[in-house]
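Reader: I would like to learn how to read a structural model feature by feature. Please take each one in turn, with the general idea before the case.

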Amino acid sequence: MLDIKKIRQEPDLIKELLSCRNSGFINIVDQILEVDEKWREKLSEKEKLEAERNQLSKLVGQKKAKGEDAEEELKLLNTIKDNLKEISELEPVFSEEQKKLLLDLPNTPSPCTPKGKDEEDNKLILEWGEKRDFKFTPLEHHEIGDKLKAFDFERGVKLAKSRFTVMAGIAAKLERALMNFMLDKATENGHQEFNLPVINNSESLYGTGQFPKFKEDVFKLENEDLYLIPTAEVPLTNLFRDEIVSEELLPLRLTAYTPCFRSEAGSAGRDTRGIIRQHQFNKVELVTICKAEDAEAEHERLTLNAESVLQALNLPYRKVQLCTGDLGFSATKCYDLEVWFPSQNRYREISSCSWFSDFQARRAQIRFKRPNPQNPKKSKNELLHTINGSGLAIGRTLAAIIENYQNEDGTFNIPEILKPYISQSSPKYAFS
């Protein structure tokens, strides 16, 4: 959430920054300012009424002390009290209206985020790894998985609906191996591992910015204010909601493996084959919570941690900085990591590493006490900055391994670094 004080003090700057994303946000800023002005007028009226009330109360006291009639003053006092009560009752109405509008505004882009309309204007930072020169036409991951009886899409539909997949044998083993490998990598890089609830309340989803904008993309539990999480970013960040974090603990570097659930509203017809876009998928998430002055360096650090997984797996990828028009709702700066899929002859996103400034922390009220250099006994509560990224999306990593390590006979090799994570026993497949 953006700071109302900053919107009030620098409306033109806020409009300019948000118009780099979408010019439609200017109208929301104007509505926020209109509501804010009306409420400030009411506050000014309240101050005048309170001053009048105090003067009249004093005058009534003086008249009564002298035995004089104060009936007119008492009538005026009652009218003022009624007016003050009316203004007090308006306060939550104005507050809720303003909050609703603020929740619809995205974060402002960082000055180092390139301007642009869409993904065509994103900035290529680097390409890593050598793309394999195949002596045969590479198959798509789902074709290989189907031949090996490792994916069963029909049974996924039978158990749930389309875009749910059953994995068996080597695919299930490799999924588990990747989970353990990625968590080991994350902890080696200084992130503390957590095991988290995958059902969260709406307050948590508002805290990280999924609500209200992406409410349609989330699965809700019937008759409960509870939702299946779309990413472990939600519970990891909200661990510290409404808390003042001890300065000695900063930066907080966290990680967790969770299944993730997305309804994929509005994505009909996209990536319907294979496991690229699923309603349920597994992911290892990286989250950092830190002071403002450390945030940019921590963002670079977290992104390098995600890259280290791709490099260890020897998967060709590229790193792209998103432009203002392609930036995620809550992000001020973002890198996308895109892994190479030879069957499609293109890169596909496998991780978004985003810096949110204090946008999420303001929603979730995640703070620390900033010491006063002049007086160590005094301190001021200050919002922290949050950063997160996939380290990585496991299903997409699995698909990338199958394609990049495939053989002409329809099998695929296991990356050397994953072999210690996979047992050698190989029972018969249940699917025929």
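Reader: How far is the sulfur of C20 from the closest cysteine sulfur, and in which residue is that sulfur?

Author: A disulfide is a covalent bond between the sulfur atoms of two cysteines. Here it is counted as a pair of cysteine sulfur atoms within 2.5 Å. The closest cysteine sulfur to that of C20 is in C323, 10 Å away, which is too far for a bond. Seen from C323, the closest cysteine sulfur is the one in C20. The count by this rule is therefore 0 disulfides. C323 has 0% relative accessibility and counts as buried (buried means under 20% relative accessible area, exposed over 50%, partly exposed in between, with a 1.4 Å probe and protein chains only).

Reader: What kind of model is this, and how are residues numbered?

Author: The model is predicted, so local features need pLDDT of at least 70 and side-chain atom pairs count only at pLDDT 80 or more, while totals for chains, interfaces and linings use all residues. Residues are numbered from 1 along each chain as its sequence is written, and side-chain values use heavy atoms, with hydrogens and water left out.

Reader: Which strands form the open sheet, and in what order?

Author: Strands of a sheet pair through backbone hydrogen bonds, either parallel or antiparallel. Two strands count as paired if DSSP finds at least two bridges between them; strands (E, at least two residues) and helices (H or I, at least four) are DSSP runs numbered from the N terminus. In this model 8 strands form an open sheet with mixed pairing, in the order 1-10-11-12-15-9-8-4. Strand 1 (123–128) and strand 4 (192–194) are the edge strands, each pairing on one side only.

Reader: How many bridges join strand 15 to strand 9, and how many join it to strand 12?

Author: Strand 9 (residues 280–290) is joined to strand 15 by 7 bridges, and strand 12 (residues 346–355) by 3. Both pairs run antiparallel. T288 has I387 of strand 15 as its bridge partner, and L286 has G389. C353 also stands opposite G389. As for burial, 9 of the 9 residues of strand 15 (residues 385–393) are buried.

Reader: Which residues line the largest cavity?

Author: A cavity is a set of points on a 1 Å grid over the protein atoms alone where a 1.4 Å probe fits but cannot get out, and lining residues have an atom within 4 Å of a point. The whole structure has 1 cavity of 30 Å³ or more, and the largest holds about 40 Å³. Its lining consists of M182, K185, A186, N189, L286, N305, V309 and G391. Helix 7 (170–188) and helix 10 (295–312) each supply at least two of these residues, and helix 7 gives the most, with 3.

Reader: Which peptide bonds are cis, and where is phi positive outside glycine?

Author: Most residues other than glycine have a negative phi, and most peptide bonds are trans. The bond from L250 to P251 is cis, with omega near -5°; P251 is in the loop between strand 7 (243–245) and strand 8 (252–261). The bond from G391 to L392 is also cis, with omega near 15°, and L392 is in strand 15. K149 has a positive phi, near 60°, and is partly exposed at 35% relative accessibility. For N314, phi is near 55°; this residue is in the loop between helix 10 and strand 10 (317–321) and is partly exposed at 49%.

Technical notes. 1 Å grid on protein atoms, 1.4 Å probe; cavity = no way out; pocket = protein on both sides within 12 Å on 5 of 7 lines; lining within 4 Å. Points joined across faces, edges and corners; volume = space filled by probe spheres on them.
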